[in-house]
Every structure is written in structure tokens, then in C-alpha cells.
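This report describes selected features of one protein model, moving from charged side chains to aromatic rings and then to strands and a helix. Please keep the structure in view while reading.

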Amino acid sequence: MDLAGRRGRGVVTGSIRVDGNTLLLGDGVHVRFIRTLRLPESGTHALPPNLGEFPLRRVEDYPDTVPGEWLAKGGVMLPVYLREAMWLSFGGTREPAALQVGVGKVCAVSGERWSGRLARDPQNYVVLPRQPWLDGINSGDGTVRQFVAVPLGLGATVEGQVTGEETTGGVQLQAFPLGPQALERWREGERARLLPPPPPAPGGGALYGGPPAPSGGFGGYGAPAPMRAAAPAAPGAAPAMGLGVGGSMRQEVYRDDRALSAWAPEPAARIFVHLVTPPAWRRITGEEPPPSPVDRAAYTRAGLPWFDYYDESGHDLPPTGTLGQVKPVGDWLGDDHTPWAPPTPHQITPLGPTPRPGRPVQDGDW
């Protein structure tokens, strides 16, 4: 659905909405949390598959069963198993946006503490929709280290290793649109790019003005990102969960090619995403969480696909010293002895560049 259709049905700038399992931030940023296979912590691997979406629920819908501090922070929650891996999909985002991604209020791109403001040195955001997804913290040189869920209190989270304390957990998102002038220039460029080619000259076959503009790709950030592979009890404290890191995979975090001044100085929307253990999810929502993810060796033996993404027009961000020092969760929790069956070359599928309204979500103090 186009932006005009979404606006006509209630999505407005500054809002946060949940539509099914999709977060809608501001006027068009789409974020989904995707379940996936956890990678081995040695070596560098292809992009793991999509095993379905994490269910999202609004915290404010469970005032009698969520901890009081969650109500103060607002936002949404999702159930996650110990050592379960996830990635963030931005498919469906059409207009440019700068999205900050925090893990325990540590920036997943720069390794700096959460600032609430865009920065360029180092860059502390991903550029949408050029960045189709984010699977982990930026480790530079065309790689990221996979997001893996771990409890707070062990020191294994990115937050714990970077800041020396574990007090926040969860995931934080903040979206900035283009400023009015830059946005209008982008829209004018998109309208020109998408105009149909002029008719042939009378008596000839040549087109006026040269070849038509391309219909896809990220030249104008106009195409949606592709998809990879494609349920009350007494209130009480819930175990706090955060994100650590797992194995390395081939994925670039793209450098912004716009001036920092092109972006709006204030965010259009921000949200806190609480990570909930399966027992706490049952107690809070009365629903069963999704089953534990399929064994990765069984998935690979079945011949199912892994992925490789390449965008020749994008430029990867360099690694940051802070995030480069984060150790994988296995160094803290020990080896889980899960066997690893690497995918064969024919199982790795190459990918390249190529909305609906929902219920509003309440933001809070975090």
C-alpha cells in the first residue's frame, strides 16, 4: 500500500503503531523482528534464514501482569528463548529514514552509548530503505556479529561488555525522517524516475530523452527491500533479557551518503522493545510462545536456503573499536555442543536491492 493510502487510514507522523507483528514508526518505517538460526561463533557465514516473525504485543494491553517499570517505559514486548538469534527486517519502508538501533542503550552501529541524536563520526544509525535488514552489531569489513538473546546479570550482553553494567536490556529504536526540503527533493526525484517513457516520435522508433529510468534498485531508495526466504496471572517481576552476540556473517552496514543536515533534527518516533522469556510470556499474556527454533543442522541437511546479499552501490561502515571487543555469548555461557553442518554453495541464494495501519503504541520514560 502506498503512503497516501496509509495516511488516509490513520498512520501519522510521530505515531508508533503495531500492525500484526510489524512496528510502524512515524510515517513509514517498518520494522519486524525475525526468528532465525544461531550461527557458530567461529568463522564467517552466509545470512541465515527467516524462520518466522516474533509475535509483538503492546505493553499497555497487560497493565495487571507486566512489571510496573515496563508500563513506565511503554513500548512492546516479544518472547525469546535463551540463546535464540534474531534479525531486524525493514522491508516495506519506502521513504528515506535514519534509524537508530540500540541494544541495552548501546548503539548497534557505532558502539557508543545511546544519545538520541544522529551522529556521523562515528555514524550511529542505519539508512533505510538502503539497509534492508540488520542481523547484529557492526563488526566492520562487510560483517556483523549476530544478535543473540541472553539474560542480564551475567555480563554477556553488549550492554554489559561496553558499559560495565546491565540495567536496561531490550532493544531501542528511534526513527528520523528527512527534513522538509530534502524530503521534497527526494520525492521530486522519485516522481521523475517513475514517469513513464515518452511516446515514440511520429514516423520513427526513437524515444525522446534517452532510455527510461530504471524501475527498481536503490538508486532513488524507491524499491521495497526483498524478503529473506520467507498467546493472566498475578503480577510480578519478569526476568530481564538483553542481546549479546554470536557468530559472524557477511553483511554490510551502509555508510550514509547524505549530509547529516538533510535529516530532521528531532525523531519522528521512538520505542522500547522488551525481551520476554517464554515462561514470563505465558504468565503475562496467557499465550503460548512460538516453539524453539529448528535445529540448524537439520535445516541445512534438508537443503533449505541460506542467503547472500550484495549492493554494489553501497559503502560499508568501518569497524568501531568498542564493538570489535565484544565477545560472543559462548565465552560467557559455554559451548552448547550443537553440531554445525555448513550449507553447500547451491543452498546459498544471492539477493540484491529490489503497510498497513495498526494500533498505536504508547512510548514512555527510558
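Glu-288 is exposed, because its relative accessible area of 54% lies over the 50% that marks the limit for this class. In this predicted model, the side chain of Glu-288 meets that of Arg-282 in a salt bridge, with 3.0 Å from N to O. Arg-282 itself is partly exposed, at a relative accessible area of 35%. Elsewhere, Arg-58, Glu-60 and Asp-61 are joined into one network by salt bridges that share partners.

How many salt bridges does a search of the whole structure find? The search finds 12. Three of these pairs are set out below, each with its N to O distance.

| Acidic residue | Basic residue | Distance, N to O |
|---|---|---|
| Glu-288 | Arg-282 | 3.0 Å |
| Asp-256 | Arg-120 | 2.9 Å |
| Glu-266 | Arg-117 | 3.3 Å |

The surroundings of these partners can be described by their accessibility. Asp-256 is buried, with a relative accessible area of 4%, whereas Arg-120, its partner in the salt bridge, counts as partly exposed at 30%. In the pair formed by Glu-266 and Arg-117, Glu-266 has a relative accessibility of 45% and counts as partly exposed. Arg-117 is likewise partly exposed, with a relative accessible area of 43%.

Charged groups also meet aromatic rings. The charged end of Arg-130 is placed over the ring of Tyr-254, at 6.0 Å from the ring centre. Arg-35 lies over the face of Phe-54, and here the distance to the ring centre is 5.7 Å.

Rings pair with one another as well: the structure holds 4 aromatic pairs. In one of them, the ring centres of Trp-114 and Trp-366 are 5.7 Å apart and the planes stand at 55°, so this pair is tilted. Are these two residues buried or exposed? Trp-114 is buried, with a relative accessible area of 18%, and Trp-366 is buried too, at 11%. Both values are under 20%, and this is why the two residues fall into the buried class. Together with Phe-272, Trp-114 and Trp-366 form one aromatic cluster.

Tyr-125 and Trp-263 make a pair with another geometry. Their ring centres are 6.4 Å apart and their planes are at 70°, so the pair is edge-to-face. The reasoning rests on the plane angle, because an angle over 60 degrees counts as edge-to-face. Tyr-125 is buried, with a relative accessible area of 0%. Trp-263 is also buried, with a value of 4%.

The backbone can be considered next. An open sheet is formed by 6 strands in the order β5-β6-β15-β13-β8-β9, and its pairing is mixed. Which strands are the edge strands? They are β5 (57–58) and β9 (126–128), each of which pairs on one side only. Within the sheet, strand β8 (residues 97–103) and strand β13 (residues 171–177) run antiparallel and are joined by 7 bridges. Leu-99 stands opposite Ala-175, a residue of β13.

A helix accompanies part of this sheet. Helix α5, comprising residues 278–285, lies across β5, β6 (76–79) and β15 (269–276). The helix runs at about 130° to β6.

Technical notes: Residues are numbered from 1 along each chain as its sequence is written. This is a predicted model: local features need pLDDT of at least 70, side-chain atom pairs count only at pLDDT 80 or more; totals for chains, interfaces and linings use all residues. Side-chain values use heavy atoms; hydrogens and water are left out. Rings of Phe, Tyr and Trp (its six-membered ring) pair if their centres lie within 6.5 Å; planes under 30 degrees apart count as stacked, over 60 as edge-to-face and the rest as tilted. Buried means under 20% relative accessible area, exposed over 50%, partly exposed in between (1.4 Å probe, protein chains only). A charge sits over a ring if NZ of Lys or CZ of Arg is within 6 Å of the ring centre and within 35 degrees of the ring normal. A salt bridge is a side-chain nitrogen of Lys or Arg within 4 Å of a carboxyl oxygen of Asp or Glu. Two strands pair if DSSP finds at least two bridges between them. Helices (H or I, at least four residues) and strands (E, at least two) are DSSP runs, numbered from the N terminus. Contact means heavy atoms within 4.5 Å. Axes are lines fitted to C-alpha atoms, for helices over the stretch in contact, and angles run from 0 to 180 degrees between N-to-C directions.
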